[in-house]
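Me: Please take a close look at the buried strands and the ring contacts in this model. Then work outward to the backbone details and the cavity.

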Amino acid sequence: MAAIPEDFTGYIAVVKRDCATCRLIEPAIQALAGSRDLRLYSQDAPDFPASVSGVIDDRELERSYRLDIEIVPTLIFVEAGEERARLVGWQRASWRQLANLPELGADLPAFSPGCASKTVEPGMPEKLAYKFGDTVLQTRRVDVASQQDEHELMYERGWSDGLPLVPPTEERVLKMLAGTTRSPSEIIGVIPPDKVACTIEKVAINAVMAGCKPEYMPVVLAAVEAACLDEFCMHGILATTYFSGPIVIVNGPIADRIGMNSSHNVLGQGNRANSTIGRALQLVIRNVGGGLPGGVDRATLGQPGKLGFCFAERERDSYWESLAVERGFSPDQSTVTLFAGGGVHPVGDQKSRAPESLTRSLALTLQTVYHRKIYGRTDALLIVSPENMRVFREAGWTKARFRAALDEELTVDGHDVLAGADGIAEGMPDYLADKRLLKFRPGGLLIAHAGGAAGMWSAVITGWAGSGPGGSVPVTVAIKS
């Protein structure tokens, strides 16, 4: 149904009986209908106004939706099917001028504000968009019986990660899709392990179930795109018996815009964006790609971060360049970095006030990643807290200088970590006995700044045992709108 017939010239008025202003100006509407070609739509009562004949019933709100009505009363002047002018609320002088009726509303107040249209009531925009909008969802609809618990149904169908899900109704999915300018039918990638083509619409469905807000969608989409890159090796991260899962690190202006946490309890609970963005990625991998625990997901123990692990880097007062800038992006770009990470290991040095001492403390924990005697086999993510960052800032250490000092502390003689050394069977092969070994491959140690302002704690997040070329390498992608 077209909003305005192509051959129509005249006036359109939209009212509702529940609006005091609409009831007040009934005499003006009656006079307008008697002297001009008027189409009158009533949102809540087909017999209102009673003094005007030919009222068009718009209780389904289709016409109001297509006319983009937000306030009633609304008066629109149309010429040859094209809208030429629009008034909202009652303004006697403006209505007289638009209708070319100098005496219109002579007995009425000069002004009365309108009321909210029924089209903007809570939840109604999404319902109307689904019923009458141009976007048609392609995903198969699952009907829920009247006596069936929709939350239990989602558990029974295996969609859940173990926590309750938000039911992905058509209205909620359309609202989620409004968070991006990208087409719902666009294929964003092929999701492992089943290599299923995934559309923006399917990502939106899982983002709804995860509890995301529409404004999170660009970040979720970037995370899904990153997970589909061959070099990230999402299939391998799933199939390993190790602890790893995708960790989402957000940089750039979007983090503040959507209210992400980069401060206190940054790796914990309590922030909706942090908690749901990572969860949405994991649900896409589960529900689209088929990555189910006990199936392709063969983790021996796993870790809580596999529910979803996402945080923003603390950039606003960082002394060092951000992770994204280090990886080739500009500070004003918003990005997502995906890291195949395991558990969080604290670094608790409460005494170091010199950068050399603190660097050695951080190195001691980093040396234990995967195993104290294993070198060059896994990556790591070091999160430096503000209080620890202050030590380097006050000493004037750049990030490059810190990295160089850290590499020196993370380099050992091969004979010290050979298999069998110190009575431990694990270790490096004998041919490396005369080599100097660096704990992490070049590019394998990521450094980010995050956390609350108080507390001399930093953290190490272990990488997958299959890190590096041929396994998984961290990937960074720009966030698109």
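Reply: What follows goes strand by strand, then turns to rings, backbone and cavity. The model is predicted.

Start with strand β18. It spans residues 445–449. Five of its five residues are buried, so β18 is largely enclosed by the rest of the structure. The side chains split between two directions. L445, I447 and H449 point one way. L446 and A448 point the other way. Each of these residues is buried, H449 included.

What does β18 pair with, and in which direction, parallel or antiparallel? The partner is β15, and the two run parallel. Five bridges join them. One position fixes the register: V384 stands opposite H449 in β18. The strand β15 itself covers residues 380–384.

Now strand β13, residues 309–312. Both of its faces are covered. F309 and F311 lie on one side. C310 and A312 lie on the other. All four are buried. The partner here is β12, residues 245–251. β12 and β13 run parallel, with four bridges between them. Within this pairing, I247 stands opposite F309 in β13. F309 therefore has two roles in this description: it is buried on one face of β13, and it faces I247 across the pairing. Next, the rings. The count comes to ten aromatic pairs. One of them is Y65 with F132. Their centres are 6.3 Å apart and their planes meet at 45 degrees, so the pair is tilted. Y65 lies in helix α3, residues 62–66. F132 lies in helix α5, residues 124–132. The pair ties together parts that are 67 residues apart in sequence. The two partners are not equally covered. Y65 is partly exposed, with a relative accessible area of 28%. F132 counts as buried, at 11%.

Another pair is Y242 with F243. Here the centres are 5.3 Å apart. The planes stand at 85 degrees, so this pair is edge-to-face. Y242 counts as buried, at 13% relative accessibility. F243 is partly exposed, with a relative accessible area of 34%.

Some rings gather into a group. W320, F392, W397 and F402 form one aromatic cluster.

Charges also meet rings. The charged end of R39 sits over the ring of F8, 4.6 Å from its centre. The charged end of K439 sits over the ring of Y375, at 4.8 Å from the centre.

On to the backbone. Where are the cis peptide bonds? One joins F48 and P49, with omega at about -5 degrees. P49 lies in the loop between β2 (38–42) and β3 (56–57). Another joins V72 and P73, again with omega at about -5 degrees. P73 is found in the loop between β4 (71–72) and β5 (74–79).

Two residues that are not glycines have a positive phi. C233 has a phi of about 60 degrees. It is found in the loop between α9 (217–227) and α10 (234–239). C233 is partly exposed, with a relative accessible area of 21%. The cut-off for buried is under 20%, so C233 falls in the partly exposed class.

Y370 has a phi of about 65 degrees. Its loop runs between α14 (355–366) and β15 (380–384). That loop leads into β15, the strand that pairs with β18. Y370 counts as partly exposed, at 33% relative accessibility.

Last, the interior space. How many cavities of 30 Å³ or more are there? The count comes to one. The largest cavity has a volume of about 30 Å³. Its lining consists of F232, L338, F339, A340, D379, S467, S472, V473 and P474. By class, that lining has six nonpolar, two polar and one charged residues. D379 is the charged one. S467 and S472 are the polar ones.

To put the strands side by side: β18 is joined to β15 by five bridges, and β13 is joined to β12 by four. Both pairings are parallel. The residues listed for the two faces of β18 are all buried, and so are those listed for β13.

Definitions and conventions:
Residues are numbered from 1 along each chain as its sequence is written. This is a predicted model: local features need pLDDT of at least 70, side-chain atom pairs count only at pLDDT 80 or more; totals for chains, interfaces and linings use all residues. Side-chain values use heavy atoms; hydrogens and water are left out. Buried means under 20% relative accessible area, exposed over 50%, partly exposed in between (1.4 Å probe, protein chains only). Two strands pair if DSSP finds at least two bridges between them. On a 1 Å grid over the protein atoms alone, a cavity is a set of points where a 1.4 Å probe fits but cannot get out, and a pocket is an open set with protein on both sides within 12 Å along at least five of seven lines; lining residues have an atom within 4 Å of a point. Grid points are joined across faces, edges and corners, and a volume is the space filled by probe spheres set on the points. Rings of Phe, Tyr and Trp (its six-membered ring) pair if their centres lie within 6.5 Å; planes under 30 degrees apart count as stacked, over 60 as edge-to-face and the rest as tilted. A charge sits over a ring if NZ of Lys or CZ of Arg is within 6 Å of the ring centre and within 35 degrees of the ring normal.
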